[in-house]
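Visitor: Please pick one part of this protein and take me through it up close. I'd like to see how it sits among its neighbours.

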Amino acid sequence: MIISVALVLGAYLLGSVSSAIIVCRLMGLPDPRTQGSNNPGATNVLRIGGPKAKPAAAITLAGDMLKGVLPMLVAHGFGAAPLTLALVGIAAFVGHLFPVFFGFRGGKGVATALGVQFGLYWPIGAATAAVWLFVAKVLKISSLSALVSMALAPVFLWFFWPEPKLVGMQIVITGLLFLRHRSNIRKLLRGEEDKIGSAAEEGPAGEGPRA
């Protein structure tokens, strides 16, 4: 019981380390909570990063994924039961959404959710990532790619590891992710969501991104 509690608490604390904010501070970029979409995530770092955008976004993405991967691998290493694995995954994800170290103002959780899936069982993460890449390639809308891939994630989890507690974990994560994307969903319904790399993401010269 003590080990399980420690694993869950550790997952939340690691999830609370905001990769976007730390990367932006270290690289001299604006606070992602106050620029662009005001979301501390890799996509917004790519928007506001200027000449440093691609490396900053890549580091942010890797950091956010590791926040999901590492707690799951550690839990596996301790031979955690499915319930503990599920709670660890949710804790890491919730930590990213509501980070205790950054005023509980976190990101939308796509990369961390994907990291949880890879850490749990890599084929689940690979299947979800493949859907994200396919939708992004065809429709070129980042938020839609996230929503479609995460909507299918519980199905992938059930196919590869039909454990109700773990499927329940993914349903909770998907539900929270949809809640965090509610503004994007409204834009999608109105046909106003920007496409990946579109000029609409950038404001007039010197003003930075609009989204």
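Guide: Let's follow helix α5 and its two partners, then look at the spaces beside them. The model is predicted, so local features need pLDDT of at least 70 and side-chain atom pairs count only at pLDDT 80 or more, while totals for chains, interfaces and linings use all residues. Residues are numbered from 1 along each chain as its sequence is written, and side-chain values use heavy atoms, leaving out hydrogens and water.

Start with α5, residues 82-97, and its partner α1, residues 2-15. (A helix is a DSSP run of H or I, at least four residues, numbered from the N terminus.) Their axes are 6 Å apart, at an angle of about 25 degrees. (Axes are lines fitted to C-alpha atoms over the stretch in contact, and angles run from 0 to 180 degrees between N-to-C directions.) That angle is why α1 counts as roughly parallel to α5 (under 35 degrees; over 145 would be roughly antiparallel).

Which residues in α1 meet α5? They are Ser4, Leu7, Val8, Ala11, Tyr12 and Gly15. On the α5 side you'll find Thr84, Leu87, Val88, Ala91, Ala92, Val94, Gly95 and His96 (contact means heavy atoms within 4.5 Å). By class, this contact has 9 nonpolar, 5 polar and no charged residues. (Asp, Glu, Lys and Arg are charged; Ala, Val, Leu, Ile, Met, Phe, Trp, Tyr, Cys and Pro are nonpolar; the others, Gly among them, are polar.)

Now turn to the other partner, α4. Here the axes lie 9 Å apart, and the angle is about 160 degrees, which means α4 is roughly antiparallel to α5. From α4 come Asp64, Lys67, Pro71, Met72, Ala75 and His76. They meet Leu85, Val88, Gly89, Ala92 and His96 in α5. This contact does include charged residues, 2 of them, along with 6 nonpolar and 3 polar. Notice that Val88, Ala92 and His96 face α4 here, and that these three residues also meet α1.

Keep an eye on His96 and Lys67, since both help line the largest cavity. (On a 1 Å grid over the protein atoms alone, a 1.4 Å probe fits in a cavity but cannot get out; a pocket is open, with protein on both sides within 12 Å along at least five of seven lines; lining residues have an atom within 4 Å of a point.) Searching the whole structure turns up 1 cavity of 30 Å³ or more, and the space inside is about 30 Å³. Ser18, Ile21, Pro40, Pro99, Arg105, Gly106 and Gly107 are also in its lining, which splits into 3 nonpolar, 4 polar and 2 charged residues.

Helix α4 has another job to show you: with 6 residues, α4 gives the most to the lining of the largest pocket. That pocket holds about 1,100 Å³ of space, and 41 residues line it. Nearest its centre lie Ala42, Thr43, Asn44, Trp132 and Ser142. Besides α4, the helices that each supply at least two lining residues include α3 (42-48) and α7 (122-139). The lining is a mix of 16 nonpolar, 15 polar and 10 charged residues.

Last, look back at Gly106 from the cavity lining. The second largest pocket, about 230 Å³ in volume, is lined by 15 residues, and Gly106 is among the closest to its centre, along with Asn38, Asn39, Lys108 and Arg180.

Definitions and conventions:
Grid points are joined across faces, edges and corners, and a volume is the space filled by probe spheres set on the points. Angles under 35 degrees count as roughly parallel, over 145 as roughly antiparallel, 65 to 115 as roughly perpendicular and the rest as oblique.
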